[in-house]
Amino acid sequence: MTSVSSAALTNAMRYQQMRMQADLVKATKESSTGRVADVGLALGARTAQSVTFSRDLDRLNGIVDSNGLISARLSATQTSLGQLSAAAQSLLSSLTSASSGDGANSITQSSGNSTLQQLTSILNTSVNGEYLFAGTNTDVKPINDFSAAGSSAKAAFDASFVARFGFTPADPAAANITAAQMDSFITNDVQPQFFGAGWQANWSNATDQQIVSRIALNENTPTSTSANQDGIRKLAMAATIVSSLMSSNISKAAKDTLISRSTTMVGEALSGIGQVQSQTGIIQKRVSDATDRMKTQVDLFERHILDLEGVDPAEAATRVANLTQHIENSFALTARLQQLSLLKYLT
Amino acid sequence: MSLYGMMRTGVSGMNAQANRLSTTADNIANSDTTGYKRSSAEFSTLVMPTTGGAYNSGGVTTTIRKAVSDPGVLQYTTSVSDLAVSGDGFFVVRDPSGTPFLTRAGAFVPDAQGRLVNAAGFQLMAYSYANGVPAATVNGFEGLEPVVISDQVMTATPSTQGNFSGNLPAGATPVVAANLPGANAATAQYTSKSSMVAYDNLGNKTLLDVYFTNTGAGTWQVAVFDQSKATPGTGFPYTGGALGSANLTFDTTTGKLTGAVTGVSLTVPNGAALSLDLSQLTQLGAGFTVADAKVNGNAPSTIDKIQISKDGTIYAQYKDGSTKPLYKIPLADVQSPDQLMALAGNVYSQGTDSGAIRVGFANEGKLGSIVSGALENSNVDIAEELTDMIAAQRSYTANSKVFQTGSDLMDVLVNLKR
Amino acid sequence: MSLSTALNIAQSALLATSRQTAVVSRNVADADNPNYSRRIAVVTSTAPGARSVDIQRATDDLLFRQNLSALSAYSGQNALYSGMDRLGLSVNGVDNASSPSTAIANLQKALQLYATSPSNQNIGSTVIDAAKQVVRSLNDGSKAIQDFRTQTDGEIGTAVNDLNSLLGQFQDANRAVISGTRSGTDVSDALDQRDALLKKISDYIPVSTFTRGDNDMVVNTADGTTLFETIPRSVTFTPSSGYAAGAAGNAVYIDNVPISAGSGGNTTASGKLAGMLQLRDGVAATMQSQLDETARGLITAFAETAPSMPNATGLFTWPGAPGVPPSGALINGLASTISVNAAMDPSAGGSPTVLRDGGANGAAYVANTSGGASYSTLLVAYGDKLDKPMSFDPAAGISVTSSVSDYAANSIGWFQGVRQQASTAADAKEALAQRTADALSNATGVNVDQEMSLMLDLEHTYQASARMMKTVDDMLAALLSAVG
């Protein structure tokens, strides 16, 4: 004979109700959040995966955000390079017209002058407080203004002229400078100021070292340019020569040499700047590619996390409904069982 | 043949019925007396010699019978010292002057001296356990003494033997000799430990630590220590070393103990020599389990209450739950209980026709058992007595009519002479 | 047989019935008492008319033992699970929000942002703040663990006191049972009490019992240590006033034999004491070791390097600075002493640029020799090092080679793995305990309806006996009137 004790009867019911209510709390939470109520309990040791996914997701989003910054910097750089290129172009055209004998020397000189000023202002562009062309030395203006009072670059240039010829370009004696002499001056005295130690000493505060950034989880790349690029130096040199010597008293022949050398120089500068532009373009592409890739990864990770921690909302809702129903049934049953007693019939 | 004779016969009949009525009165009066045995009047004829055609009416003689052997119904009570005999036999009691009697009235209560006394003031007699297990003296009351229950204090019993059975784990890691508990070093290691309570001479509890240590395949060392001598916290070393130790050998195929050593002997501190039987130990592939552990002896304690078993043994139960036999109540019997001489107070003594009194213990031979917490009711049936009474009344009336008829006839005879 | 006999029999029937009724009413009164065993009044006729009522107590030894062992198992498992719940919450926070893993992830994010704009010192300060968050998470976690251990230690102390007092009560109950059994009185109540105590004791420690003569019970622990034999054995424990990482807790001794702690998520611990010992010396201690290893990993990952110079502490430092802790070896308590290098902490007079450029340990360690404000190489390298596998001490219980950030995540995985097992096992063991309790209750408990129907029977018997007495009385009255 199996017998049931009264205490067991009510206890079993109470225990079931307790469990169902605990389950209901969990199911309600799950249906409202769409995630399992307790990730640790649901996943156990796989919680590490979920944590790693969430962390990587955060990191990827962080990198996507920082890539935005990099893109902004790169596109500003690109714009600046375009402007530089335009300035070089206009210098080239004024040099071309000068070589064909059109236009006054003073016009050519002022064109050189303005190119120099544009160059300085473009290279000293800053985004978010960082100078774009400073390499890593972003808190210092990369290019010193040649036309500013007390410019050491100008002083050095003037001094080198006086040292070579014994007089200033404004001196009437300058008319005697031959083309060969001028050529030699440019090659031996001017060039070192831009391609030798003179550049870093007088002109540029930028470093050759570039900012290296992480643009994807495992991808690092330089994400800045430097004012020390050859193209820029050449443009600066051409513009400096033109602006300093074109309106002086030097001979026509010397001026022709000067123009032809500057023309060549600007041409080279244009191609150099073009190269930097294309490099920057490549990096821009890499950054945007990386960003796209990471966005795909973010989606993937989100899906993984959902797979791990997610709960089918429909299922959760059904479970809540079921549990509610069960608990109600159980209450009804308990009430019935309480009624079911011989005592009622013993009066 | 004479009228006088007839009248005398009527008187004798009336006397007989008066006797009968007396027994009925006695029976009804004692119908609720514990241990009372119904009396009845038995009649027998007294025949006069008849001569020729003359009939001499005789008379009736009365014999009083006691239905002693007829048991009464047992009535249960709540007092353990209320005793009844279920079956044959009598309690032996004595009056204050020391004369022994038999009775079945067992409503005993202790008096001021602790003697068990029944309602009629008779003291219960029994054999004492003071000198060991008593034996009954069959043909007399020698050796019987009044039962006295006083608050006597039990003497403590020191432990002398014990047993320990269980299983020692077969797969245990052996301990090197220097670290065996028997060596009592601070570095001692052991496989399993148990502890048991033993009693010293004064009945103080002493905890014995029992260490079982595997020393190799199938070999174990048992070492027993006094727990009170342990170093606090670590156990080892114990002051004074091991109380006893032994090396056990187990058969590795059956797991049973083999070899001569089946126990460990030791002396309980301030106590007696104790031999601990380990013969039931096994060494099987299970964990350490204890199946039974017991050490005899007990602590001193005072009497809590008494109890009386079916064989009549009076046990004292002490506060700690242990019991000790104090007395054994004998039962006495005679060949013909109905012929016993009834005396006041529901007691009987040996009568001329009853046969000799024999004394034995309950449940022996045809003796019944002693029931504690019950009393034997009288064997009187009111209904029977009442019907007897009516019958006796009618008989008496009839006898008186006989007498009256005789008297009337005598009257006629006397008037003839006028 | 006579009328008087009939009267006597009816009287004893009334007595027997009323005793049976008393048993029934006692049963009904205790129907809801889980520690009450049903009493059965057995009536035996000894002699004609004499009936004695014996009270038997419903028992099922096997079910009772099962229930005891299930109770112990559940109690141990539950102690572990609920303890781990508390521990996990106080160390890792809700949804691991305050865990070292989350803090390291944030640090990595901040580092990434700083590497992108190294000249921005506000972002640099954010990195230091994130690093402080990591340190706080480790320090607080370490403190929480040691507080938890101290607290658990206190709970063990309380449990040991409870156990001793239960054993004392057990002695009284056992004595009552023995003396009642010897004198032949009804010991059901004492047995109920003793069984109830046994249930309570098995909450703390698993027990196995055997009964000697006179119902004298001997209680051993499941591994054979004597817990109670004639007198209770002492259970001793010295609580520690506080805990430090790596410090071992005191053992609980029963009869001078230490209790062994449980192990595993589906714990081997049976009884609350073993469960709490496992929490204190197992789970919490392992968690501390993992925090310590995480701290060591962080110090190592951010160490400053320079050619021909020993590695020296960088962003994270410790009392042994400037040296870096030896590789692959656990240093107890490191998580509680790790701190952010003051040279890099703006609030302590340092500057985040030291992190960017290197040189917290002198000029030899400066990596940004040109001094550029946007020098990011070192920052990027630190980010890489966080992901670079290194070796960890196997004593801490998880992956021997992994990156610091993975190690921190694995630590959570380890904990949750154990917790999940503990939870599943706790559910299973609770169900078993519940089921065995139900089975025991079914076997030995009271069914009120059954008792009520028995009551009806008894009522009838009583009525019949009373009727009998009345009839006999009437008969005697008739007789008496005949006499009169």
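In this short talk I will go through how the chains of this structure meet, what chain A looks like, and what is found in a sheet and a helix of chain C.

Please keep in mind throughout that this is a predicted model.

Let me begin with the chains and their contacts. Two pairs of chains are in contact, and of these it is chains A and C that share the most contacts. Chain A and chain B, on the other hand, are joined by no contact, and their closest C-alpha atoms lie 32 Å apart.

Where chains A and C meet, 47 residues of chain A are in contact with 49 residues of chain C. On the chain A side, at least two residues each come from helix 1 (6–33), helix 2 (39–43), helix 3 (47–99) and strand 3 (212–216). Helix 3 of chain A gives the most to this side, with 12 residues. If we sort the side of chain A that touches chain C by class, we find 19 nonpolar, 21 polar and seven charged residues.

Now to chain A as a whole. The secondary structure of chain A comes to 10 helices and four strands, and, read from the N terminus on, the elements follow the order α-α-α-α-β-β-α-α-α-β-β-α-α-α. Is chain A compact or spread out? The radius of gyration of chain A is 39 Å, whereas the globule rule gives 20 Å for 347 residues, so chain A is more spread out than a compact globule. The box filled by the C-alpha atoms of chain A, taken along the principal axes, is roughly 145 × 35 × 30 Å. Of the 347 residues of chain A, 39% count as buried. As for contacts in chain A between residues at least 6 apart in sequence, 79% of them join residues at least 24 apart.

Let us turn to chain C, and to its sheet. Here four strands form an open sheet in the order 3-4-5-6, with antiparallel pairing. Which strands stand at the edges? They are strand 3 (207–211) and strand 6 (231–232) of chain C, each with a single partner strand, so one side of each is left without a neighbour in the sheet.

We can follow the pairing from strand 3 of chain C, which is joined to strand 4 of chain C by five bridges, the two running antiparallel. Across this pair, Phe210(C) stands opposite Val218(C) in strand 4. The hairpin of strands 3 and 4 of chain C has five residues between the strands, and in this hairpin Asp214(C) takes a positive phi near 60 degrees.

Strand 4 (residues 217–221) of chain C is in turn joined by two bridges to strand 5 (residues 226–229) of chain C, and these also run antiparallel. Here Val219(C) stands opposite Phe228(C) in strand 5. In the hairpin of strands 4 and 5 of chain C there are four residues between the strands, and Gly224(C) takes a positive phi near 95 degrees. Why can we call strand 4 of chain C largely enclosed by the rest of the structure? We can do so because four of its five residues are buried.

I will finish with a single residue, Glu430(C), whose place is in helix 10 (residues 404–444) of chain C. Glu430(C) has 19 C-beta neighbours inside 10 Å, and because a residue needs 20 or more to be buried, Glu430(C) counts as partly exposed. The C-alpha atoms of Glu430(C) and Gln77(C) are separated by 8.9 Å, although these residues are 353 residues apart along the chain.

Conventions: Residues numbered from 1 in each chain as written. Chains lettered and ligands numbered in written order. Predicted model: local features only at pLDDT ≥ 70, side-chain atom pairs only at ≥ 80, totals over all residues. Contact = placed C-beta atoms within 7 Å. Nonpolar A, V, L, I, M, F, W, Y, C, P; charged D, E, K, R; others polar. Buried ≥ 20, exposed ≤ 12 C-beta atoms within 10 Å, placed from the backbone. Rg over C-alpha atoms; globule rule 2.2 N^0.38 Å. Pairing = 2+ DSSP bridges.
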